[in-house]
Every structure is written in structure tokens, then in C-alpha cells.
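Trainee: I have a structure to go through with you. Shall we take it question by question?

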Amino acid sequence: MKWFNHAKIETNLILMGVLTLITVSIGGLAQIVPLFTVATTIERVEGIRPYTPLELMGRNIYVREGCYTCHSQMVRPFRDELERYGHFSLAAESMYDHPFQWGSKRSGPDLARVGGRYSDDWQAAHLRSPRAVVPESIMPPYAFLDRPLAYADIAEHLKAQRAIGVPYTDAMIANARADLEAQARPEADPAAFQGRYARARQAAFDGDPAAVTEMDAVVAYLQMLGTLVQFRDVTPEQMRQQ
Amino acid sequence: MPTKIEKDALTGTNTTGHEWDGLKELNTPLPKWWLYVMYATIAFSAVWVILYPAFPFQGATGVTGWIAREAVVQDVAAANERMAPMMNRLRAATPQQIAADPELRAFAMAGGRIAFANNCAACHGAGGQGAVGGFPSLADDDWIWGGSYDAIHQTIAHGIRNEEDDEARTSMMPRFVADGVLTPAQVNDVASYVVSLAGDADPGQAAEAERGKPLYAENCASCHGDTGEGNRDVGAPRLNDRIWLHGADRHAIARFIANPRMGVMPAWAGRLDPATINMLTVYVHALGGGEN
């Protein structure tokens, strides 16, 4: 191929610079352009709300412990996955996830719809010692999650999320601490908390209403996964992505 | 600019023309097969972009019009149609009728096994053997709520002490120490008595058990029965056997009496097809302890 000569490109700085720019732009556009079309790729379904402060802390622990290395959160649109896990995942369901937890490896089951499938007791017992309830499990034990949750900076976490586009309101940020504690204490007054976070469950997730532990946070997070959209009420139009 | 491109005598391949301290590098061309496979993948991707949805724009579906989400809905509908004749029969029949019909029963046992592995095994064990920590065995004849077809069906469909189903089975054992009904010492006594009911009396604890007997009659017999035979109406387990939800250790039993953790099971009526719940009922009934 006489007309194409690498040597020519490699010895001409301007030509090389222009061609590099073109190549990088193509790659960049392929990643950036879809972001401008988010409005049409995210379904307009009801029910999606930002994580409650306790769930957000649970999510942070989920990321910290690397649960995503064994668990995906993405029910793909195949019949076998629907039969096992339920409705396929919608883009809207992870729109407040920074970063998303879709994952790419399943040593354990998908967790996108694990919320409500088991009791709080089971979740806590399973995290403390997976083999105590599932003898054949290869999941590592996380008994240390029974330690107190450090949440003095919870309002800052919400602010950081707001800075990257999660619609936390001023009231949510001002009450972050109170909301976090209210969710972990079933006897706390639900009115204010429930008003800010629709259909969020209050419970002693780890079995002990006295202290707020990391276990409370992780179980609260797991128990809401995949429960926000009421699929019975979703129309095919809302679900159509494009 | 490489200047000294020369043919290597041994391989017949050109060198790159560079030379470092007398070292030259062969400019061996990429293997033909590799190159053609790469060109083929590029051509394939071009065809793919035309045929299938590749751009995130309104209406950019590709010329085939194929959309994963619609394809899976059709897949599910086709499979449901294939299975409809059998599933309709399983939906219409009662668990008793399914068990009595060999064809339906064989189908229900196979389907029930899969549904059990997917939905129930995490709590009740792969073989229904249960787990210490409040998850009962379903393979024995020691039932908390009942082992007839109807009782099992009701338990599975509505669950136990959950927040989602108004018809869930429910009952609460008092938190005897936490609620201040008994002192820790009294709980210790009544625990020793309970253990003796099960036939595991420890002679060293005879005095405690003796003190625990009237406490039992007063506080516990109303639910668990005079001799610890249990009461299925309120889901109070038998205490006069050696089957324990939270372990056979006397201290574990005392801890439970002081501050019980009541078992919770989700309701399955909203999650599973009625036919699947019928299949599960027949399957669980056949695990070992089914009653008539």
C-alpha cells in the first residue's frame, strides 16, 4: 500500500496531532453523546426516589466491602432471568446510583430484586454467617458489620450526591441525621420521615432497635433493592426506552 | 525515517530499518488469518449497527426493528402458551386433587422442586432441612402451623408475620424479661422445666425445673399446652420434643424466652403464580411430614 505510509505520519507532528485528535474524538463522542439523550433513555416510571440516608450508608458499605465483585444488580431481559429474579431492570432504577452497581460477575445471585424476598432476620443472619443458613454457600461472613455505624457526616454524603445530580432537597439534608435514626428505630414517629421518603420501611433491621449499626444500614439497603417500581402499574409506553 | 530496510537472509522478511547497537528487528507481517478475522469483525459491527438498535436516539431501532425488551416479552408469552394446558389444570385443581392424579403430581413435583430451590431454599435449606436460627425444617412431621395440604397452602400463600399480607399468619410470644413479666432467674427456671418436658432433664437442674413448673403453668401453658404439646392455632411450637428453632442448648432456650425473635416469612401469593403455589404445596407436603 504505497499511498499509506506510517513513516509519513510518525515524522509529521501536525499530521499526527490532527489524526490523533480525530481518533480520540470518535471514541469520546461514542461515550459522551449518549449522556445528552438520557432524557429519552431513562423510562418515566413512578416511584423512584433517592436513597434514604440509612440506605445510602448501606450502599456505601456494599461498595466498600466489594459485594459487587460477586453480585450483579441487573436483571437482563432474558426469559430465564425473568423466571428467576422477576421483572428485568430498568435504567430508571439505577438513575440515582453513583456509581451504578450493575456488576459483571455473578458468583452469587443477582441482587437487583432481592428486596422483600427474605426477612430482615434472615438477611442479618446470612451476612453474619452465610453458612449458618445456607450450608453450601461460598459467601464470606460479615459478622463485623454489627459494629456501630459512623454517620456523623451523613449530611455531607447527601450534599455530595446532590452535587452530582441526585435531587436531595434542603429539608432532606437538614434532617439527614434524624431520618437515618428514625429508619433504624421502628418506634420512631414515621410522619416526617415517610413524608420525605415515600414507602421507606422503618425497622430494627439487625434485630436490635437500640444502636444503629452497619448491619442496619446494609440490610435496609438490601431490603429496598428493586422494590420502588410497582410493575403492576407500569404501562408499556412508560417502559419504552426509545 | 527508517533508512536501512534490508531483507533478512534467514527468514526472507524485511527488517524495520532501525538499528540499536547492532540489533535489528524483523518487520514480520501479522498472520493473514488474524488480519482477516479482524476485518470480518469490523464488517460484522457495521452490519450490526444497521440491523440492531445501536444509537441512543428516539426511534433508532435498526432496520430489523428488534428490541430486547419486546423480544423477551414475546419469549415469555410463547413459553406460557406452551405450558398453558398443564398450568391451567394445576391452577384449577386443589393440591389434594393434584396429589391424587399421577400425571399432575409428577409435573407438580418437578416444578415444585425448581420453585423451592429458587424461592425457599435460602431459608428452609436445599432439602427442606431448615436452619438453626428460626427457620424450621419442612421435611419432618413437627409442624408449627400445620401440615395438611390446606394449612401448607395457606402458609405459603400468605406467609407468616410479614408486613405485606393482611392474611399472614401471626401471633406473638411475650418478651418475658424485656416486658418485665419474669425475672432472668425465673426464666432460667422455666427454661430448665421446658428442657425437662422434652426429656432432656439435667439432674443438676432438677430444683430449677421444679421451680419452673408453676411458672410454666401460669405463663406458657395457654399457648404451648399443659404438657408442651404446642398449639397450631397460634403457631406455638411443640416444646415436648427435641426439635428446637434456635438450637437445643438450654441457654439458647432461656435467651429466647427472655426476648423471643419471632419467625417471619414473606407472602408468596403476590410473587408466584397460583399454579406454582399449588405445586409448592404438593412438593412440601411430600418432603416427609405431610398430614391428611
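Trainee: How many Å apart are the C-alpha centres of domain 1 of chain B and domain 2 of chain B?
Mentor: Keep in mind that this is a predicted model. The domain assignment gives domain 1 as 95-168 + 265-287 and domain 2 as 184-258. The C-alpha centres of these two domains of chain B lie apart by 28 Å.

Trainee: Which three residues supply 53% of the area that domain 1 of chain B buries against domain 2 of chain B?
Mentor: The contact takes 14 residues from domain 1 of chain B and 12 residues from domain 2 of chain B. The area buried between them is about 900 Å², with 57% from carbon and sulfur atoms. On the domain 1 side, no other three residues supply more than Asp142(B), Ile144(B) and Trp145(B).

Trainee: How many residue pairs are in polar contact between domain 1 of chain B and domain 2 of chain B?
Mentor: The touching side of domain 1 of chain B has six nonpolar, four polar and four charged residues. Across the interface with domain 2 of chain B, the rule finds zero salt bridges. For polar contacts between the two domains, the count of residue pairs is two.

Trainee: Now the hairpin. What is the bridge partner of Glu19(B) in E2(B)?
Mentor: Strands E1 (residues 15-20) and E2 (residues 23-26) of chain B run antiparallel, joined by three bridges. Two residues lie between E1(B) and E2(B) in this hairpin, and Asp21(B) in the turn has a positive phi of about 50°. In E2(B), Glu19(B) has as its bridge partner Lys24(B).

Definitions and conventions. Residues are numbered from 1 along each chain as its sequence is written. Chains are lettered from A and ligands numbered from 1 in the order in which they are written. This is a predicted model: local features need pLDDT of at least 70, side-chain atom pairs count only at pLDDT 80 or more; totals for chains, interfaces and linings use all residues. Side-chain values use heavy atoms; hydrogens and water are left out. Domain bounds come from an automatic or database domain assignment. Contact means heavy atoms within 4.5 Å. Buried area is the accessible area (1.4 Å probe) that two parts lose on being put together, summed over both. A salt bridge is a side-chain nitrogen of Lys or Arg within 4 Å of a carboxyl oxygen of Asp or Glu. A polar contact is a pair of N or O atoms within 3.5 Å; within protein, one must be able to donate a hydrogen and the other to accept it, and residues adjacent in sequence count only if both atoms are side-chain atoms. Ala, Val, Leu, Ile, Met, Phe, Trp, Tyr, Cys and Pro count as nonpolar, Asp, Glu, Lys and Arg as charged, and the others, Gly among them, as polar. Two strands pair if DSSP finds at least two bridges between them. Helices (H or I, at least four residues) and strands (E, at least two) are DSSP runs, numbered from the N terminus.
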